[in-house]
Amino acid sequence: VLQTAVASEPEGKVLHTIDLSSQPDGTAIDWLKQNGYIIALDGVELNPHFKNGQLVLSTDDSVAGIIGKWFPGSNQLHGVERVRIEWGVTRFPEGANWEADNNRVALAVMIFFGTEKLSSGLPFGVNAAPYFFSPFVARVEPEGKMYVGRLYQKGGRYFSIATPEASDALFSTDFEVQERFKQVFGKSEVPAISGIAFQMNTKDTKGGAVAVIRRITFIGP
């Protein structure tokens with residue numbers, strides 16, 4: 001059972017919370033679909049299930065999956081300054097290392113901004129997506145370093161989040177978005193948050209991965 005390392009209440013106004021902690025143990029697929037989540041790529045093969053008040057993603061294979069949802073129209077989140085993520089990784093895929101250009105993750109959260117679709121880098125507009133930040137739980141990458149992936153080079157940025165010393169513990173990350181967005185993309189205004197996704201990618205690695213996520217809190221001033 002992963003124990004939480006940080007349980008303090010976030011400072012600022014809570015604008016929205018995705019709380020995965022109250023579901024009974026068992027498969028999460030039906031619940032995710034009923035609550036508006038899209039399971040894409042090899043998402044089903046990540047065996048999404050609830051256990052001990054956490055959403056668990058796990059695989060022993062080389063797969064890539066995304067589970068996400070959009071906040072359409074008036075449900076978009078305006079004025080978010082920070083996103084608090086309560087998450088953890090108990091097994092990292094062997095060989096994943098953004099410093100060595102093997103851009104794989106045990107667990108990443110994608111935070112989408114606005115509705116403008118930007119090129120993925122694939123032809124014919126395939127998989128175009130809004131601007132996004134994607135913090136990921138890191139094992140070997142320097143804390144807080146920003147990366148540009150092979151795809152989504154115009155609108156996507158990835159940030160390594162190092163685990164605390166108790167790396168087997170659920171821990172909390174407060175990820176600042178307002179000033180970061182302005183600086184990274186050279187914008188004076190930050191679009192509303194329009195979607196969220198969880199990602200696991202063990203392609204080109206060995207051993208699979210196991211990761212958990214319990215709660216995401218969107219915090220304003």
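This passage describes the sheet, the cores, the internal cavities and the largest pocket of a predicted model.

A convenient place to begin is the open sheet. Seven strands make up this sheet in the order β3-β6-β13-β8-β9-β11-β10, and their pairing is mixed. At its edges stand β3 (38–41) and β10 (146–147); each has a single partner strand, so one side of each is left without a neighbour in the sheet. For β3, four bridges lead to strand β6 (residues 64–70), and the two run antiparallel. Within this part of the sheet, Ile39 stands opposite Ile67 in β6. Strands of a sheet in general pair through backbone hydrogen bonds, in either a parallel or an antiparallel sense.

Strand β5 (residues 54–59) deserves its own paragraph. Six of its six residues are buried, so β5 is largely enclosed by the rest of the structure. In a regular strand, side chains alternate between the two faces of the sheet. Here Gln54, Val56 and Ser58 point one way from β5, while Leu55, Leu57 and Thr59 point the other way, and all are buried. Two antiparallel pairings of β5 can be followed residue by residue. Strand β4 (residues 49–51) is joined to β5 by three bridges and runs antiparallel to it, with His49 having Val56 as its bridge partner in β5. The hairpin of β4 and β5 has two residues between the strands, and Asn52 takes a positive phi near 55 degrees there. Strand β14 (residues 209–219) is also antiparallel to β5, through five bridges. In this pairing, Leu55 has Ile213 of β14 as its bridge partner.

Ile213 appears again in the nonpolar interior. The largest nonpolar core has 46 residues, and those with the most contacts inside it are Phe198, Ile213, Ile216 and Phe218. Strand β8 (residues 105–118) gives the most to this core, contributing six residues. The surroundings of Phe198 give a good view of how the pieces meet. Apart from neighbours within four places in sequence, Phe198 is in contact with Leu20, Tyr37, Leu55, Leu57, Gly65, Ile66, Ile67, Ala108, Val109, Ile213 and Ile216. A second core, separate from the largest one, has 13 residues, including Ala129, Tyr147, Tyr158 and Ala197. As a general point, nonpolar side chains in soluble globular proteins tend to be buried together.

Attention now turns to empty space. Searching the whole structure finds two cavities of 30 Å³ or more. The largest cavity has a volume of about 70 Å³, and its lining consists of Phe92, Pro93, Ala96, Trp98, Arg104, Val105, Ala106, Phe136, Val137, Ala138, Arg139 and Glu141. Two elements, β8 and β9 (129–138), give two or more residues to this lining, and β9 gives the most, with three residues. By class, nine of the lining residues are nonpolar, none is polar and three are charged.

The second largest cavity holds about 40 Å³ of space. Around this second cavity are Leu77, His78, Gly79, Val80, Phe113, Val177, Gln178, Val190, Pro191, Ala192 and Ile193. These divide into eight nonpolar, three polar and no charged residues. One of the lining residues, Gln178, lies in helix α2 (residues 178–185). Which kind of environment, buried or exposed, does Gln178 have? At 17% relative accessibility, Gln178 counts as buried, the cut-off being under 20%. Leaving out residues up to four places away in sequence, Gln178 touches Gly79, Val80, Glu81 and Val190. Of these contacts, Gly79, Val80 and Val190 also line the second largest cavity.

Finally, there is the largest pocket, with a volume of about 830 Å³. Its lining comprises 33 residues, and those closest to the pocket centre are Leu41, Ile66, Met110, Tyr152 and Gln199. The elements that give two or more residues to this lining are β3, β6, β8, β9 and β13 (193–201). Strand β6 gives the most, with six residues. By class, the pocket lining has 22 nonpolar, eight polar and three charged residues. Ile66 links this region to the interior described above: this residue is in contact with Phe198 and is among those closest to the centre of the largest pocket.

Note on methods: Residues numbered from 1 in each chain as written. Predicted model: local features only at pLDDT ≥ 70, side-chain atom pairs only at ≥ 80, totals over all residues. Heavy atoms only, no water. Core = buried A, V, L, I, M, F, W, Y, C linked by side-chain atoms within 4.5 Å. Buried < 20%, exposed > 50% of the residue type's maximum accessible area, 1.4 Å probe, protein only. Contact = heavy atoms within 4.5 Å. 1 Å grid on protein atoms, 1.4 Å probe; cavity = no way out; pocket = protein on both sides within 12 Å on 5 of 7 lines; lining within 4 Å. Points joined across faces, edges and corners; volume = space filled by probe spheres on them. Nonpolar A, V, L, I, M, F, W, Y, C, P; charged D, E, K, R; others polar. Pairing = 2+ DSSP bridges.
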